[in-house]
Amino acid sequence: MGRTRGTWNTKGTWAAGIALAALLALTGVAVLGGGDEDTDAPGKGGSSASASASPGPSATYAPPEQWTEPDSWAALPRGKRTDDHGSPVGFPKSTEGAVAMMAAANTVRIGPERDAVDEQVRLYRSYVAEADQSDEAAETVELRAVQTDKQLHKSLGVPVGEPLPAGAYMRATVVGYKVIAESGDRVSVWLLTRTVQKGGETVKESGSYTRTLSGAAWTGGDWKLSGPAVAEGQQKAGEEPEMAAPGDEAFNRAGWTAIREAS
């Protein structure tokens, strides 16, 4: 189960950790403020909640046997532009705009042409406020991403150091969210993310769901990942919502809002 995180006590440390959470959700490893997050074993019906809310991801997989229409849907707004790193930015100043940014910051695409380091550096540069970035933190992000890339290769059965084969990929897509706290310039949420992986063209795809506590603050005219917003979310989160796929009755019972593709 999850462990309580340490305090982010140096500039850039929490920012590096938050940006790392999306990618590490794919490998079952989380590093936020120096701690490790244990992941729950797969099983139908979701995992039990930990004693204290943690921003790191925990995972399980429980596909619905019969479709139950989600009680709540949202079409999150798109970013107004794409930044120099290829990420959507420029989200509206609203709760859904903040959620849209956090969903983008937890959307990962890794394949033969794009490795874990590429994705992690992109997430850090695009979604951590520039004032909270530092050369030291950026170096930490890259070093951790190298280790994550090794873990990805091992999980896919690919020799470390070799490029992923054709048809191999790992992807994370946010499919639901639950607001914990919101104000005009700060939003904390639970994110429900569907992660899938495939080791090659002839390998069967496998998948799981991860649940991550995330926070955003309105900074410099856009939403950015925020350590203080995560801390506020931890204080107010209460029991972790059950992980369940959209279409499962448990999805509604946990209070998740399903995400539609924006037009």
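**Exercise 1. The chain as a whole**

What share of the contacts in the protein chain with a separation of 6 or more comes from residues 24 or more positions apart? Then add the inventory of elements, burial and surface.

*Solution.* This is a predicted model.
- Step 1: Take the contacts with a separation of 6 or more. Residues 24 or more positions apart account for 65% of them.
- Step 2: List the elements. The protein chain holds 6 helices and 12 strands.
- Step 3: Turn to burial. Of the 263 residues, 53% are buried.
- Step 4: Take the surface. The protein chain exposes about 11,800 Å². Carbon and sulfur atoms supply 46% of that area.

**Exercise 2. The nonpolar cores**

Find the largest nonpolar core and name the elements that give two or more residues to it.

*Solution.*
- Step 1: Start from the general tendency. In soluble globular proteins, nonpolar side chains tend to be buried together.
- Step 2: Count. The largest nonpolar core has 37 residues. Those with the most contacts inside it are L76, M101, M102, I110, Y127, W223 and L225.
- Step 3: Assign elements. Two or more residues each come from the helices α2 (95-105), α3 (116-127) and α4 (135-156), and from the strands β7 (108-110), β8 (168-182), β9 (186-199) and β11 (222-225).
- Step 4: Pick the top contributor. α2 gives the most to this core, with 8 residues.
- Step 5: Look beyond it. Another core, of 16 residues, lies apart from this one. Its members include I180, A250, W256 and A258.

**Exercise 3. The α3 and α4 pair**

Describe how α3 and α4 cross, and sort the residues of their contact.

*Solution.*
- Step 1: Choose the descriptors. Two packed helices are described by the angle between their axes and the distance between the axes.
- Step 2: Apply them. The axes of α3 and α4 come within 8 Å and cross at roughly 145 degrees.
- Step 3: Add the hand. The crossing of α3 and α4 is right-handed.
- Step 4: Name the residues. α3 contributes A116, V117, Q120, Y124 and R125. α4 contributes A137, A138, V141, E142, A145, V146, D149 and L152.
- Step 5: Sort them. The contact has 9 nonpolar, 1 polar and 3 charged residues.

**Exercise 4. One residue, R114**

Is R114 buried, partly exposed or exposed? Place R114 in the fold and list its contacts.

*Solution.*
- Step 1: Locate the residue. R114 sits in the loop between β7 and α3.
- Step 2: Classify. The relative accessible area of R114 is 30%. Buried means under 20% and exposed means over 50%, so R114 is partly exposed.
- Step 3: Find the contacts. Leaving out residues up to four places away in sequence, R114 touches R109, E119 and R122.
- Step 4: Check a distant position. L164 is 50 residues from R114 along the chain, and their C-alpha atoms are separated by 9.2 Å.

Notes. Residues are numbered from 1 along each chain as its sequence is written. This is a predicted model: local features need pLDDT of at least 70, side-chain atom pairs count only at pLDDT 80 or more; totals for chains, interfaces and linings use all residues. Side-chain values use heavy atoms; hydrogens and water are left out. A nonpolar core is a set of buried Ala, Val, Leu, Ile, Met, Phe, Trp, Tyr and Cys residues joined through side-chain atoms within 4.5 Å. Buried means under 20% relative accessible area, exposed over 50%, partly exposed in between (1.4 Å probe, protein chains only). Helices (H or I, at least four residues) and strands (E, at least two) are DSSP runs, numbered from the N terminus. Axes are lines fitted to C-alpha atoms, for helices over the stretch in contact, and angles run from 0 to 180 degrees between N-to-C directions. A crossing is left-handed if the near helix is turned anticlockwise from the far one by less than a right angle, and right-handed if clockwise. Contact means heavy atoms within 4.5 Å. Ala, Val, Leu, Ile, Met, Phe, Trp, Tyr, Cys and Pro count as nonpolar, Asp, Glu, Lys and Arg as charged, and the others, Gly among them, as polar. Accessible areas come from the Shrake-Rupley method with a 1.4 Å probe; for residues, only the protein chains shown count as cover.
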